[in-house]
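Let us take this model apart by question and answer. Short steps, each ending on a value or a name.

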Amino acid sequence: MLKLSAVCLKLGEKTVLNDISFALHNNEFIGVIGPNGAGKSSLLRVVQRSLTANSGQIMLKQRALAQYKTAELARTLAVVSQNPIPLFALTVEQVATMGLLPHKSWFEVNHSQDQHQVSQALNRVGLADKASQLIDTLSGGELQRLYIARALVQRPALLLLDEPTNHLDVQYQHQVLELVRALGIPALACLHDLNLAAMYCDKILLLHQGQQYAFGTPEQVLTTELLQPVFGLACEVTTHVLLRKQQVTFLPSQTGTLC
Ligand SMILES: Nc1ncnc2c1ncn2[C@@H]1O[C@H](COP(=O)(O)OP(=O)(O)OP(=O)(O)O)[C@@H](O)[C@H]1O
């Protein structure tokens, strides 16, 4: 689905991404983790082509990303961003319907089949009963689910999510990531919460100062040896008894002060 080979990105004098190589296969959910400034959002922006890599190759559905026409790329990728452009005075249904735009030509009207698709997507994210509600009346979690519904309406081949759980409470964090998993669309998501990454991601890419520090399953990447030097804090990694998933606990540098 998506393959990066030796991708490098320089912005001004700074090397933001250096030698990034990994592949995302069909139906996989890959989490990109790393401290502030590690290059996570830049990586997503390179894949969505809002930034152009200085070297290396990106293949999307076995074709070079550079070869995609803009409209074709807009149909193929859906982006759920950290700070979406505020859309005031629009209803939930109108925002979800925007997912059809990449498939339509100017002045083309929506058909009943399109309407059905929008209803189905709203149903899927649990917002069908709020279709006519203005979006500035939604909670943060509902809004995030709406942006996922808009992405669903778009029927993308790949979903890119930049911090999809930002500002959400625990229940909504799980709700949103469960939804992403359930969609069955290959997804690449920047995540700050390592325990959520452990729970929901098939693979994890750990970035450190623009370098690919590790890539593999949560078991391979979420280890004290890899996490401590990257995050600059001592940590303990255990396996959750019920979930059989990694759990990372960072320890304050002055652990004694908590006792
Ligand atoms: N236009 C630019 N010119 C120079 N440096 C830039 C530019 N844009 C981003 N950077 C730098 O690139 C690095 C990576 O930024 P990026 O936003 O990708 O990090 P991130 O891992 O997503 O961080 P965060 O967790 O804080 O969101 C940062 O050091 C940032 O300052």
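Helices here are DSSP runs of H or I with at least four residues, strands are runs of E with at least two, and both are numbered from the N terminus. The model is predicted.

Q: Which residue follows H1 with a positive phi?
A: H1 covers residues 40–47. The residue with positive phi, near 70°, comes after the helix. That residue is Arg-49.

Q: How many of the residues of H1 are buried?
A: Burial takes 20 or more other C-beta atoms within 10 Å of a residue's own. The buried residues of H1 include Lys-40, Leu-43 and Val-47. H1 is mostly covered, and its buried count is 7 of 8.

Q: Which element supplies the largest share of the shell around the ligand?
A: Strand E2 (14–24) and helix H1 each give at least two residues to this shell. Among the residues around the ligand are Lys-14, Val-16, Lys-40, Ser-41 and Ser-42. The largest share is 3 residues, and it comes from H1.

Q: How many polar residues does the shell around the ligand have?
A: Gly counts as polar in this classification. Gly-12, Gly-34, Gly-37 and Gly-39 are among the residues around the ligand. The shell also has 3 nonpolar and 2 charged residues, and its polar count is 7.

Q: In which sense do E1 and E2 pair, and over how many bridges?
A: Strand E1 runs over residues 2–11. Lys-10 has Thr-15 of E2 as its bridge partner. The two strands pair in the antiparallel sense, and the number of bridges is 7.

Q: Which residue takes a positive phi in the hairpin of E1 and E2?
A: The hairpin has 2 residues between its strands. Glu-13 lies in that loop. The positive phi, near 60°, belongs to Gly-12.

Q: Does Glu-13 count as buried or exposed?
A: A residue is exposed if 12 or fewer other C-beta atoms lie within 10 Å of its own. Glu-13 has 5 such neighbours, so it counts as exposed.

Q: What distance separates the C-alpha atoms of Glu-13 and Arg-45?
A: Arg-45 is one of the buried residues of H1. Along the chain, Glu-13 and Arg-45 are 32 residues apart. Their C-alpha atoms are separated by 18 Å.

Q: What should helix H5 span at 1.5 Å a residue?
A: H5 has 14 residues, 140–153. The expected span is 1.5 Å times one less than the number of residues. The end C-alpha atoms are 20 Å apart, which agrees with the expected 20 Å.

Q: Why is H5 largely enclosed by the rest of the structure?
A: The buried residues of H5 include Leu-143, Tyr-147 and Val-153. H5 is largely enclosed because, of its 14 residues, the number buried is 11.

Q: Which residues touch the most other members of the largest nonpolar core?
A: Leu-146 touches Val-92, Val-125 and Ile-135, among others. The core has 70 residues, and those touching the most other members are Leu-146 and Ala-149. The largest share of this core, 8 residues, comes from H5. So the residues asked for are Leu-146 and Ala-149.

Q: How many residues of strand E11 are buried?
A: E11 has 6 residues, 234–239. The strand lies largely in the open because its buried count is 0.

Q: Which residue of E12 stands opposite Cys-235?
A: E11 and E12 (residues 246–251) pair in the antiparallel sense over 6 bridges. Opposite Cys-235 stands Phe-250.

Conventions
Residues numbered from 1 in each chain as written. Predicted model: local features only at pLDDT ≥ 70, side-chain atom pairs only at ≥ 80, totals over all residues. Near = placed C-beta within 6 Å. Pairing = 2+ DSSP bridges. Core = buried A, V, L, I, M, F, W, Y, C linked by C-beta atoms within 7 Å. Contact = placed C-beta atoms within 7 Å. Lists of a residue's contacts leave out its neighbours within four places in sequence.
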